[in-house]
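Trainee: I'd like a close look at one part of this model: the strands and what lies around them. Please take me through it step by step.

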Amino acid sequence: MKNKLHLRHNIHSSTKTMLNLILFGPPGSGKGTQAAKLVERFNLVHISTGDLFRNEIAQGTPLGLQAKAYMDKGNLVPDEVTIGMLRNKIEHHADAAGFIFDGFPRTVTQAKALDALLAEKGEAIGQLIELYVDDEEIVRRIMARGASSGRTDDTDETIVRNRIQVYRDNTVPVAEYYGSLGKSAQVNGVGAIPYIFDNLCGIVACLV
Ligand code: AMP
């Protein structure tokens, strides 16, 4: 009986086939750009909670209305709202080869909820990869993006600086949390896009 249980445990472990990545970093660190390239290379599903919220806002849904009030100030949308939306999105892609989470998790509560959601499927996060970019470069990039994207949270420097502060206060602990599990890596987010992509691929290649 003991042996049977042991065998079953091994079979269960070997069914972990998804490649789940968290692309981490402050706003404007290039997560969206690099996620699009990783999706293509590794056949993953890209989930950006910022894009999901903007989509809800564009459709005028109650969720979008609720999120907008926080986003306009550069604050985080409450965890329960964000986690609920994320859960729906994961369930919608039950057959995915893996996910790239971009802009999620942004709090340790979200990280633990994500781990629990994946564990229900017998899966886990493989790696968090942080794109490191210093604050002044972030402000420069976001203000430049705002000039063309029309994103209201990208055009006001006070709001941009608040987003960076929220990142330092609430989101950096997520990297520390995955670091404590031996699953956190860092890549320089300043440089040519293909060069940064190569560095990311070097880390991901070790997981597949
Ligand atoms: P982003 O496009 O990732 O920079 O997100 C834009 C805004 O959406 C953020 O400033 C937050 O207001 C909100 N947002 C996106 N993702 C999350 C998240 N995981 N938790 C809470 N708020 C979020």
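Mentor: Of the 208 residues of the chain, 44% count as buried, where buried means under 20% relative accessible area, exposed means over 50%, and partly exposed is in between, with a 1.4 Å probe and only the protein chains considered. Please keep in mind that this is a predicted model, in which local features need pLDDT of at least 70 and side-chain atom pairs count only at pLDDT 80 or more, while totals for chains, interfaces and linings use all residues. Residues are numbered from 1 along each chain as its sequence is written, and side-chain values use heavy atoms, with hydrogens and water left out.

Here is the frame for the strands. The chain has nine helices and five strands, which are DSSP runs numbered from the N terminus (helices are H or I with at least four residues, strands are E with at least two). Read from the N terminus, the order is α-β-α-β-α-α-α-β-α-β-α-α-β-α. Along the principal axes, the C-alpha atoms fill a box of roughly 65 × 40 × 30 Å. The radius of gyration of the chain is 18 Å, which agrees with the value near 17 Å that a compact globule of 208 residues would have; it is taken over C-alpha atoms, and the globule rule is 2.2 Å times the number of residues to the power 0.38.

Now to strand 1, residues 21–24. Leu21 and Leu23 point one way from this strand and Ile22 and Phe24 the other way, and all are buried. Strand 1 pairs with strand 3 in the parallel sense over three bridges; two strands pair if DSSP finds at least two bridges between them. Within that pairing, Leu23 has Asp102 of strand 3 as its bridge partner. Strand 1 also pairs in the parallel sense with strand 4, over four bridges, and there Leu21 stands opposite Gln127.

Strand 4, residues 127–132, in turn runs parallel to strand 5, and five bridges join them. The bridge partner of Leu131 in strand 5 is Val187. Strand 5, residues 184–188, has alternating side chains: Ala185 and Val187 point to one face and are buried, whereas Ser184, Gln186 and Asn188 point to the other and are not.

Back to Asp102, which sits in strand 3. Asp102 counts as buried because its relative accessibility is 8%. Its C-alpha atom is separated by 6.9 Å from that of Thr49, although the two residues are 53 apart along the chain.

Thr49 leads us to the ligand. The ligand is surrounded by 16 residues, and the closest are Thr49, Arg54, Asn75, Gly103 and Gln110; a residue counts as near if one of its heavy atoms lies within 4 Å. Some polar contacts, meaning pairs of N or O atoms within 3.5 Å, can be picked out here. One ligand nitrogen is 2.9 Å from a polar backbone atom of Gly103. A nitrogen of the ligand also lies 3.0 Å from an N or O atom in the side chain of Arg106, and a ligand oxygen is 3.3 Å from an N or O atom in the side chain of Arg163. The protein covers 96% of the 480 Å² of accessible area that the ligand has on its own, with areas from the Shrake-Rupley method and a 1.4 Å probe.

Two loops that follow or precede strands deserve a stop. The peptide bond from Phe104 to Pro105 is cis, with omega near -5°, and Pro105 is in the loop between strand 3 (99–102) and helix 6 (108–120). In the loop between helix 2 (31–42) and strand 2 (45–48) you will find Asn43, which has a positive phi of about 60° although it is not a glycine. Asn43 counts as exposed because its relative accessibility is 59%.

Helix 2 itself holds Gln34, which counts as buried because its relative accessibility is 3%. The C-alpha atoms of Gln34 and Leu200 are 8.5 Å apart in space, with their positions 166 residues apart in sequence.

Finally, the cysteines. The structure holds zero disulfides, a disulfide being a pair of cysteine sulfur atoms within 2.5 Å. Cys201 is in no disulfide, and its nearest cysteine sulfur, that of Cys206, is 11 Å away. Cys201 is buried, at a relative accessible area of 9%, whereas Cys206 is exposed, at 69%.

Definitions and conventions:
A polar contact is a pair of N or O atoms within 3.5 Å; within protein, one must be able to donate a hydrogen and the other to accept it, and residues adjacent in sequence count only if both atoms are side-chain atoms.
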